[in-house]
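Please open the model in a viewer and keep the selection panel at hand. The stops below move from the whole chain to single residues.

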Amino acid sequence: MTSVQDLPQVHSCSATSCSYNDSSSCHAGAITIGGDHAHCGTFVEISFRAGTDRNGLVGACHRSDCRFNDKLECTAPSVDIGAGTDVADCLTYEAR
């Protein structure tokens with residue numbers, strides 16, 4: 001099991017409508033990547049900003065077909081989130 005200190009950071013997020021986004025920085029405690037196109041499952045559009053004072057981490061990855069996925073944990077050094085198939089996808093995703 002990976003410790004919290006070893007989880008990859010969200011390097012950048014261009015999903016500016018997400019309530020965890022502040023100046024292209026993710027402030028969710030930890031995000032989850034999943035779905036059929038590596039979607040950020042933590043993306044939320046509400047009327048206020050939320051989150052922590054530090055960059056978000058990748059807490060879980062449900063895309064077992066990603067080369068960075070090891071037992072549902074992301075092993076990429078960092079990830080970028082932005083518009084892909086949807087408004088908030090993991091742009092670091094790479095098929096095995």
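Begin by selecting the charged side chains of this predicted model. The protein chain carries 6 positive and 12 negative side chains, and the centres of these two sets are 5 Å apart.

Next, display the whole chain as a C-alpha trace. Along the principal axes, the C-alpha atoms occupy a box of roughly 35 × 30 × 15 Å. The radius of gyration is 12 Å, in agreement with the value near 12 Å that a compact globule of 96 residues would have. Switching to a surface representation, one finds an accessible surface of about 5,400 Å², with 50% of it belonging to carbon and sulfur atoms. Buried residues make up 41% of the 96 residues.

Now change to a cartoon. The chain contains 10 strands and zero helices, so that the pattern along the sequence reads β-β-β-β-β-β-β-β-β-β. Among contacts with a separation of 6 or more, 70% link residues that are 24 or more positions apart.

**Strands β4 and β6**

Select residues 57-61, which form strand β6; four of its five residues are buried. Add residues 30-34, strand β4: the two strands run parallel and are joined by four bridges. One pair to pick out is I33, whose bridge partner in β6 is C61.

Within strand β6, go to L57. Is this residue buried or exposed? L57 is buried, because its relative accessible area of 10% falls under the 20% cut-off. A distance drawn from L57 to H27, C-alpha to C-alpha, gives 8.6 Å, although 30 residues separate them in sequence.

Then move to G59, in the same strand, β6. With a relative accessible area of 33%, G59 is partly exposed. Which residues does G59 touch, leaving aside its neighbours within four places in sequence? The contacts are with L7, A30 and I31. For a further distance, select G84: its C-alpha atom is separated from that of G59 by 20 Å, and the two residues are 25 apart along the chain.

**Strands β1, β9 and β10**

Select residues 9-13 and 78-82, strands β1 and β9, which run parallel with four bridges between them. C13 has I81 as its bridge partner in β9. Keep I81 selected and add strand β10, residues 89-90; β9 and β10 run antiparallel and share two bridges. On this side, I81 stands opposite C90. I81 is thus a useful residue to centre on, being paired with C13 and with C90. To follow the connection, trace the six residues of the hairpin that joins β9 to β10.

**Two loop residues with positive phi**

Most residues other than glycine have a negative phi. Two exceptions complete the tour.

Select A38, in the loop between β4 and β5 (39-40). Its phi is near 55 degrees, a positive value in a residue other than glycine. A38 is buried, with a relative accessible area of 1%.

Finally, select K71, in the loop between β7 (69-70) and β8 (73-74). Phi of K71 is also positive, near 55 degrees. How does the surroundings value read here: is K71 buried or exposed? K71 is exposed, since its relative accessible area is 77%, over the 50% cut-off.

Terms used: Residues are numbered from 1 along each chain as its sequence is written. This is a predicted model: local features need pLDDT of at least 70, side-chain atom pairs count only at pLDDT 80 or more; totals for chains, interfaces and linings use all residues. Side-chain values use heavy atoms; hydrogens and water are left out. The radius of gyration is taken over C-alpha atoms; the globule rule is 2.2 Å times the number of residues to the power 0.38. Buried means under 20% relative accessible area, exposed over 50%, partly exposed in between (1.4 Å probe, protein chains only). Contact means heavy atoms within 4.5 Å. Accessible areas come from the Shrake-Rupley method with a 1.4 Å probe; for residues, only the protein chains shown count as cover. Lys and Arg count as positive and Asp and Glu as negative; His and the chain ends are not counted. The place of a charge is taken as NZ of Lys, CZ of Arg, CG of Asp or CD of Glu. Two strands pair if DSSP finds at least two bridges between them.
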